[in-house]
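Good morning, colleagues. Please have the sequence and the structure open while I speak.

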Amino acid sequence: MLDFPTWKKVWLWGLTAVAALAAMPSIFAASNIDWPEALPSPQVNLGLDLAGGSHILLEADPSQVASQRLENMEEAVRTTMRQAEPRIRIGDISTSDGELSFMLDSPSDIDRARGLLEPVMQGNNLVREWNLAVVDGQRMVLTPTDDGIDQAVTDAMDSATEVVRKRIDELGTREPTIIRQGDTRIVVQVPGLQDPDQLKELLGKTAKLEFKLVDLSALPTDVQAGVVPPGSQAFPYADNPEQFVAVRRLGGIRGDSLINADDGVNPQTNENIVNIQFDQQGAAKFAKLSTENVDKPFAIILDEEVISAPNFNEPILGGSAQISGNFTADSANELAIALRSGALPVDLTVIEERTVGPDLGADSIRKGMLAMLIGSVAVIALMIATYGRFGVYATIALFFNVLIILGIMAGLNTTLTLPGIAGFVITIGAAVDANVLINERIREERKRGRRVIAAVENGYKEASRAIYDANITNFIAGVLLFLFGSGPIRGFAVVLVIGLFTSVFTALVLTRMWVAGYLRAKRPNDINI
């Protein structure tokens, strides 16, 4: 166990040096010293409680989910009845009182229509989402179930949380905390962001993009008065909210078929635009819509506002399109980010907002570092006084342990929170505990009369079992904290788990290499431990 060939020493020292050097940019930044720009500069990110930042609480309106489900079911019913062989003819569909009802032209189609709608009502989560009843022998009524509504709200909030995460990642922020709170709320914490206005604007944008045909049968005077033909709806223009346009409610294309969106500039008009790309299914729908409606206008609707209403001059077959609408470079970029990350299934409203200044975090860092410094000095003094040379080795190992942890955290781009500093303190205790076990075991072996080298070998060998057992149980606890915790709890778990590996490495590998070198060089007959 005390055999360390040259290649092994070079490997261990090189590994230690690389990890320690990776910690230097973070140490320089904490000391307000400029790190050379020509060198790599991985740094440990500071969490909201240390660096300050923005805290926003978002809330969704679940009634939007219910209305969207009614619209989706209406379109599904029309498509199902139209594609039936032979076709099942139905009258107008009503969506009043949260129910969907329609009349069949022929009562003999009741059983066939029920069989076709059964899979549609079941949903994809093995939860029955709708109940079907037949009234007066000819009218079918679909009523959403409570389980179906609850599942739809849960799915919508999970989707909204993921969309929020993608949008914040597009901003280039590091280690944001985005978690669900209750049934309809999302907590967003972004460290280092002192001005939350851009964040609020981006998160508040639903980015619900739709392409719908303009209803040419609607009279402009009636549309402005809010009167539209059956099957149509009116939307205001984004740049002129007092001007409305009537569009067909069903049969359009939604933005959930997008696979990419990038901001750009139209080379002919020099105006800012957003280039979009549909997936295969969306491209086919867009090609069909444009082919069947050449020289007819269609509306590009974003968050229930019409950006523009151009004509289909020719069939658009490539699945690509441009969106223009008096964008600035920043607004085009924000829209592209929102479209790339996907539309929010529900509108999110900011109900709580606060900005955490860096002063509180700086005070927390000072107090945390002071606690770690006092604890480290006390431990170092005790180790050297108790174990002499072996205590010095343990102290040097402790120093490298801290540097290696910082280096690994910087390399992994992790975030240090206030609980993470607590994890540092606990890690120092664990590292020292490992050295105490080793040194005490060597003492016992010497008292039993073993020679110096045999005592050291057995000391490391026997103590390593207890060290591995203790760290494995701590590792399991740390992994569970990371998997089931959130925010600062995860920060603590990250430092704890990394510290377990570095503590074992420095205590069982580095100190053993140093002790082996001392024994080979001095050949002592006795050791003061």
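A salt bridge, as I use the term, is a side-chain nitrogen of Lys or Arg within 4 Å of a carboxyl oxygen of Asp or Glu. With that criterion, a search of the whole structure, which is a predicted model, finds 15 salt bridges.

I begin with Glu 59 and Arg 185, whose closest N and O atoms are 3.2 Å apart. Glu 59 belongs to strand 2 (residues 53-60) and Arg 185 to strand 7 (residues 185-191), so this salt bridge ties together parts that are 126 residues apart in sequence. Glu 59 is partly exposed, at 27% relative accessibility, and Arg 185 is partly exposed as well, at 29%.

Next, consider Lys 288 and Glu 292, a salt bridge with its closest N and O atoms 3.0 Å apart. These two residues are 4 residues apart in helix 8 (residues 280-292), and are therefore separated by about one helical turn.

Arg 446 and Asp 526 also meet through their side chains in a salt bridge, at 2.8 Å from N to O. Since Arg 446 lies in helix 12 and Asp 526 in the segment after helix 14, the pair ties together parts that are 80 residues apart in sequence. Arg 446 is partly exposed, with a relative accessible area of 25%. In addition, salt bridges that share partners join Arg 441, Glu 444, Glu 445, Arg 448 and Arg 450 into one network.

Let me turn to the nonpolar interior. Which residues have the most contacts inside the largest nonpolar core? They are Met 409, Leu 416, Phe 424, Ile 442, Val 456 and Ile 527, in a core of 52 residues. At least two residues of this core come from each of helix 1 (6-30), helix 10 (358-387), helix 11 (389-411), helix 12 (418-447), helix 13 and helix 14. Helix 14 gives the largest share, 14 residues. Neighbours within four places in sequence aside, the contacts of Leu 416 include Val 44, Leu 46, Leu 50, Met 409, Phe 424 and Val 495. A second, separate core has 23 residues, among them Leu 258, Phe 298, Leu 302 and Ala 321.

Now to the surface. Tyr 468, Ile 472, Phe 475, Ile 476, Leu 480, Phe 482, Leu 483, Phe 484 and Phe 501 make a nonpolar patch of about 960 Å². Helix 13 (residues 452-484) contributes the largest share of this patch, 8 residues. One of the patch residues, Leu 480, is partly exposed, with 44% relative accessibility.

The aromatic side chains follow. The structure as a whole has 8 aromatic pairs. Phe 475 and Phe 501 form an edge-to-face pair, 5.6 Å centre to centre with 85° between the planes. Phe 475 is in helix 13 and Phe 501 in helix 14 (residues 488-522), so their pairing ties together parts that are 26 residues apart in sequence. Is Phe 501 buried or exposed? At 55% relative accessibility, Phe 501 counts as exposed, while Phe 475, at 33%, counts as partly exposed. Elsewhere, Trp 13, Phe 390, Tyr 393, Phe 399, Phe 400 and Trp 514 form one aromatic cluster.

I close with Arg 69, located in helix 3 (residues 62-83). The cut-off for a buried residue is under 20% relative accessible area, and Arg 69, at 10%, therefore counts as buried. Beyond its neighbours within four places in sequence, Arg 69 contacts Glu 129, Trp 130, Pro 144, Gly 148, Ile 149 and Ala 152.

Notes. Residues numbered from 1 in each chain as written. Predicted model: local features only at pLDDT ≥ 70, side-chain atom pairs only at ≥ 80, totals over all residues. Heavy atoms only, no water. Patch = residues over 30% accessible without salt bridge, like charges linked within 9 Å, V, L, I, M, F, W, Y side chains within 5 Å. Areas by Shrake-Rupley, 256 points an atom, 1.4 Å probe, with all protein chains shown as cover. Buried < 20%, exposed > 50% of the residue type's maximum accessible area, 1.4 Å probe, protein only. Phe/Tyr/Trp six-rings, centres within 6.5 Å; stacked < 30°, edge-to-face > 60°. Contact = heavy atoms within 4.5 Å. Core = buried A, V, L, I, M, F, W, Y, C linked by side-chain atoms within 4.5 Å.
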